[in-house]
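Here are my notes on this model, set out point by point. Please read them with the coordinates open.

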Amino acid sequence: MGLIFLWFFVTIRSMIKFVLVGFLGAILGSFAGAQIWRLRARQLVEDKKAGEKVDQKELKKLSPLIKKISKDRSRCLSCGHELKWYDLIPVVSWVAGLGRCRYCKAFIGWTEILLELVMAGLFVASVACL
Ligand SMILES: [Zn+2]
């Protein structure tokens with residue numbers, strides 16, 4: 001009985017550790033995804049300033065992402081609606097909304113969820129290999 005309890009305790013503890021570490025990885029994956037879009041927006045603005053030909057549609061879509069860091073909030077790339085904290089929970093928000101924006105129902109895309117899942121997987125794998 002004692003051994004079964006010990007096995008159960010160790011298993012639950014390991015699972016909690018993997019979930020927490022996986023969620024940390026997903027958070028960092030989500031952050032990385034957000035920064036990728038901001039970098040692309042800044043790149044488009046710089047390219048335009050330098051006189052290069054840029055995709056105006058893409059520039060218009062991404063330009064709301066360029067803000068002062070104090071006013072920088074995540075927003076939907078389709079409707080521009082500022083996202084609430086519960087729209088930004090890695091993996092959970094994407095799955096809950098079936099990959100669509102809560103406000104305009106536009107498809108968010110696979111990049112965000114894949115980044116979050118891959119980062120979560122890498123974090124869990126790195127802890128599992130310890
Ligand atoms: Zn939207």
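1. **A loop residue to start with.** L98 sits in the loop that joins α3 and α4. Its phi is positive, at about 50°, although L98 is not a glycine. Most residues other than glycine have a negative phi. L98 is exposed, because just 9 other C-beta atoms lie within 10 Å of its own and the cut-off for exposed is 12 or fewer. Bear in mind that this is a predicted model.

2. **A second positive phi.** K105 also lies in the loop between α3 and α4. For K105, phi is about 65°, again positive and again not at a glycine. K105 has 11 C-beta neighbours inside 10 Å, so it counts as exposed. Please look at the backbone at L98 and at K105.

3. **Overall fold.** The protein has 4 helices and 0 strands. In sequence order the pattern reads α-α-α-α. Helix α1 covers residues 2-49, α2 covers 56-62, α3 covers 92-96 and α4 covers 110-128.

4. **Dimensions.** The radius of gyration is 19 Å, whereas a compact globule of 130 residues would come in near 14 Å. The C-alpha trace spans about 75 × 30 × 25 Å along its principal axes. As for burial, 15% of the 130 residues count as buried.

5. **Contacts along the chain.** Consider the contacts in the protein with a separation of 6 or more. Of these, 58% join residues 24 or more positions apart.

6. **The α1 and α4 packing.** How far apart are the axes of α1 and α4? They are 7 Å apart, and the two helices pack at an angle of about 140°. Angles over 145 degrees would count as roughly antiparallel, and α1 and α4 are therefore oblique to each other. Their crossing is right-handed. The residues of this contact divide into 15 nonpolar, 6 polar and 3 charged.

7. **S14 and the far end of the sequence.** S14 belongs to helix α1. Is S14 buried or exposed? S14 is exposed, because 12 other C-beta atoms lie within 10 Å and exposed means 12 or fewer. S14 and A128 are 114 residues apart along the chain, yet their C-alpha atoms are separated by 9.2 Å.

8. **I66.** This residue lies in the loop between α2 and α3. I66 is exposed, with 12 other C-beta atoms within 10 Å. Which residues does I66 contact, leaving aside its neighbours within four places in sequence? They are A41, R42 and V45. A41, R42 and V45 fall within the range of α1, residues 2-49. F5 is another matter: the C-alpha atoms of I66 and F5 are separated by 54 Å, with their positions 61 residues apart along the chain.

9. **L77.** The loop between α2 and α3 also holds L77. L77 has 16 C-beta neighbours inside 10 Å, so it counts as partly exposed. A residue needs 20 or more to be buried. The C-alpha atoms of L77 and I108 are separated by 8.0 Å, although the two are 31 residues apart along the chain.

10. **What to check.** I would start with the positive phi values of L98 and K105. Then turn to the packing of α1 and α4, at about 140°.

Methods:
Residues are numbered from 1 along each chain as its sequence is written. This is a predicted model: local features need pLDDT of at least 70, side-chain atom pairs count only at pLDDT 80 or more; totals for chains, interfaces and linings use all residues. The radius of gyration is taken over C-alpha atoms; the globule rule is 2.2 Å times the number of residues to the power 0.38. Two residues are in contact if their C-beta atoms, placed from the backbone, lie within 7 Å. Axes are lines fitted to C-alpha atoms, for helices over the stretch in contact, and angles run from 0 to 180 degrees between N-to-C directions. Angles under 35 degrees count as roughly parallel, over 145 as roughly antiparallel, 65 to 115 as roughly perpendicular and the rest as oblique. A crossing is left-handed if the near helix is turned anticlockwise from the far one by less than a right angle, and right-handed if clockwise. Ala, Val, Leu, Ile, Met, Phe, Trp, Tyr, Cys and Pro count as nonpolar, Asp, Glu, Lys and Arg as charged, and the others, Gly among them, as polar.
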